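Please open the structure in a viewer and keep the selection panel at hand. The tour below proposes what to select at each stop and describes what is found there.

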Amino acid sequence: MVLPIIGYGDPVLRKVGEDITPDYPELKALIANMYDTMRHAYGVGLAAPQVGLAIRLFVVDASPFAEDDDLTPEEQAFLKTFQKTFINAKITEETGDKWNFNEGCLSIPGVREDVSRHKQITIEYLDEDFKPQTLILDGLAARIVQHEYDHIEGILFTDKLSAFKKQLIKSKLNNIMKGKVKVDYRMKFSNAK
């Protein structure tokens, strides 16, 4: 089931997510719905706060990036199958040079900006079966996971922009809060009339 995506300005996007346990109500259905919602909106990641839940859960499907000709064949092959559910995740290490990449967010439609992030991360998390996992990721996979991880920490990619860039996009962000934005997917806005 496709869920509405929470738009910029809603307080849930600023909450640090709480850990969940295997008895979280209808967790399997929620995860399936989050994948449906992400794919319906042509996203590569979606965090629980973006569907109104302040919990430590996000899903990633990087396969759309597998067609990027600028990537090495190895990275394309990895991204093609990189689909994971992250529960109670914790990034334990960020390493490598920072690099810029143009990011967007389903909760902030129509806004894309270059964001600087570490090239490599180590992340510990629980999978859908609550089995502990550790992953070392680099490149685009690391970036996608860092972006979604920020969501469960109450951080948005716009927080990482310079004061000047923030000023340039201020009116766009205000319009999103008011629901004055065209999107091809369902959204809920904090100040929409």
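How many helices and how many strands are there in the protein? There are four helices and seven strands. The model is a predicted one.

**First stop: the whole chain**

Display the full chain as a cartoon and follow it from the N terminus, where the elements run in the order β-α-β-β-α-β-β-β-α-α-β. The radius of gyration is 16 Å, close to the 16 Å that the globule rule gives for 193 residues, so the protein is as compact as a globular protein of that length. Turn the view along the principal axes, and the C-alpha trace spans about 45 × 40 × 30 Å.

**Second stop: the sheet**

Next, select strands S2 to S6, which form an open sheet of five strands in the order S2-S3-S4-S5-S6, with antiparallel pairing. At the edges stand S2 (45-47) and S6 (132-138); each has a single partner strand, so one side of each is left without a neighbour in the sheet. On average, neighbouring strands of this sheet are turned by 30° against each other, direction ignored.

**Third stop: S4 and S5**

Keep S4 (83-103) and S5 (residues 113-126) in view. These two strands run antiparallel and are joined by twelve bridges. Select Asn100 to see a residue that stands opposite Ser116 in S5.

**Fourth stop: the hairpin of S5 and S6**

Now move the selection to S5 and S6, an antiparallel pair joined by seven bridges. Which residue in S6 is the bridge partner of Glu124? The partner is Thr134. Leu126, in turn, stands opposite Pro132 in S6. The hairpin has five residues between its strands, and Phe130 takes a positive phi near 60° there.

**Fifth stop: helix H3**

Add H3 (139-152) to the view. This helix lies across S2, S3 (57-61), S4, S5 and S6. Its direction is at about 120° to that of S4.

**Last stop: the largest pocket**

Finally, show the largest pocket, which has a volume of about 480 Å³. Which residues lie nearest its centre? Select Val44, Glu103, Gly104, Cys105 and Arg112 to find them, among the 25 residues that line the pocket. The elements that give two or more residues to this lining are S4 and H3. The largest share, five residues, comes from H3. Colour the lining by residue class, and the residues divide into 14 nonpolar, seven polar and four charged. H3 thus links the last two stops: the helix lies across the strands of the sheet and also contributes to the lining of the pocket.

Conventions:
Residues numbered from 1 in each chain as written. Predicted model: local features only at pLDDT ≥ 70, side-chain atom pairs only at ≥ 80, totals over all residues. Heavy atoms only, no water. 1 Å grid on protein atoms, 1.4 Å probe; cavity = no way out; pocket = protein on both sides within 12 Å on 5 of 7 lines; lining within 4 Å. Points joined across faces, edges and corners; volume = space filled by probe spheres on them. Nonpolar A, V, L, I, M, F, W, Y, C, P; charged D, E, K, R; others polar. Pairing = 2+ DSSP bridges. Axes fitted to C-alpha atoms, helices over the stretch in contact; angles between N-to-C directions. Contact = heavy atoms within 4.5 Å. Rg over C-alpha atoms; globule rule 2.2 N^0.38 Å.
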